[in-house]
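Got your viewer open and a hand on the mouse? Let's take a walk through this chain, one selection after another.

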Amino acid sequence: MLLGAPALAAATDLKVSEVVVEPCPADDLGTQPELARPSGASCWALRGVVVNPGAKPVMDTDVFGLILDASGEPVLPNRTRVGSIGDVPPGSSSFALRLAVPAGTPGPLGTRSVKARGFSAPVRTRAGADDELLPLEEALGASEDPSAQ
């Protein structure tokens, strides 16, 4: 090992449960109603609970899984990484991801093989404290923050 070389980040698999896929709220900026057209995309939210059984946070966590249409066909073919949920503290945490699904996809949407994987150290550039969150993330953060109630 070279002096001054960064430590390697070990990958950690996390359990995901209570997964649902639902249309984004009408007032969410991600719905982009002015862009709605047959060739466009629809906004859906993938929500669930992720469990970190360890004593330390898991960082830069990605969620993987298949998103399925009403007939059980993959909605996002050739794509199993559905998004990033950032850092996951020890214990159970709720998460939400915004998905762009091709317009006209028959619902309701479902999922299969949803899992999460993060790291013991940061592997991406960190967001700043003053970075703005979209309403979906703000709403989720407010529901987890006991001081926000």
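Here is a tour that starts with the whole chain and then visits the sheet, the salt bridges and the core.

**Stop 1: the whole chain**

One thing to keep in mind as you look: this is a predicted model. Show everything as a cartoon and you should find 1 helix and 6 strands. Follow the chain from its start, and the elements come in the pattern β-β-β-β-β-β-α.

Now switch on the surface. The accessible surface comes to about 9,400 Å², and carbon and sulfur atoms own 57% of that area. Of the 149 residues in the chain, 29% count as buried. Contacts tell you something too: among those between residues at least 6 apart in sequence, 80% join residues at least 24 apart.

**Stop 2: the sheet**

Hide the surface and select the strands. In what order do the 6 strands sit in the sheet? Reading across, you get β4-β3-β6-β1-β2-β5, an open sheet with antiparallel pairing. Color residues 81-88 and 91-102 to pick out the edge strands, β4 and β5, each of which pairs on one side only. Turn the view a little and look for the twist, which averages 30 degrees from one strand to the next.

As a bit of background, strands of a sheet pair through backbone hydrogen bonds, either parallel or antiparallel.

**Stop 3: strand β3 and its two neighbors**

Select residues 58-68, which make up β3. Is this strand mostly covered or mostly open? Mostly covered: 9 of its 11 residues are buried.

On one side, β3 is joined to β4 by 5 bridges, and the two run antiparallel. Click T61 and you will find G86 of β4 standing opposite.

β3 also pairs with β6 (residues 110-119), in the antiparallel sense over 7 bridges. Two pairs to click here are M59, opposite F119 in β6, and L68, whose bridge partner in β6 is G110.

**Stop 4: from β6 on to β1**

Keep β6 on screen and add β1, residues 11-23. These two strands run antiparallel and are joined by 4 bridges. For a landmark, select T12: G118 in β6 stands opposite.

**Stop 5: the salt bridges**

Time to show some side chains. How many salt bridges does a search of the whole structure find? There are 3, and we can visit each of them.

- Select D13 and R117. Their closest N and O atoms are 2.8 Å apart. The pair links distant parts of the chain, with D13 in β1 and R117 in β6, 104 residues apart. D13 is exposed, at a relative accessible area of 53%, while R117 counts as partly exposed at 37%.
- Next, select R47 and E22, where the closest N and O atoms are 2.6 Å apart. R47 lies in β2 (residues 41-52) and E22 in β1, so this salt bridge ties together parts that are 25 residues apart in sequence. Both ends are partly exposed: R47 has a relative accessibility of 23%, and E22 has 31%.
- Finally, select D62 and R81, with closest N and O atoms 3.1 Å apart. D62 lies in β3 and R81 in β4, so the pair ties together parts that are 19 residues apart in sequence.

Stay with that last pair for a moment. Why does D62 count as buried? Because its relative accessibility is 8%, and buried means under 20%. Its partner R81 has a relative accessibility of 37% and counts as partly exposed.

**Stop 6: the nonpolar core**

Here's some background for the last stop: in soluble globular proteins, nonpolar side chains tend to be buried together.

To see this chain's largest nonpolar core, select L46, V50, V63, I67 and F95 and show their side chains. Within this core of 21 residues, those five have the most contacts. Which elements give two or more residues to the core? They are β1, β2, β3, β4, β5 and β6. β5 gives the most, with 4 residues. You met β5 earlier as one of the edge strands of the sheet, so color it once more before you finish the tour.

How values were computed
Residues numbered from 1 in each chain as written. Predicted model: local features only at pLDDT ≥ 70, side-chain atom pairs only at ≥ 80, totals over all residues. Heavy atoms only, no water. Pairing = 2+ DSSP bridges. Axes fitted to C-alpha atoms, helices over the stretch in contact; angles between N-to-C directions. Buried < 20%, exposed > 50% of the residue type's maximum accessible area, 1.4 Å probe, protein only. Contact = heavy atoms within 4.5 Å. Areas by Shrake-Rupley, 256 points an atom, 1.4 Å probe, with all protein chains shown as cover. Salt bridge = Lys/Arg side-chain N within 4 Å of Asp/Glu carboxyl O. Core = buried A, V, L, I, M, F, W, Y, C linked by side-chain atoms within 4.5 Å.
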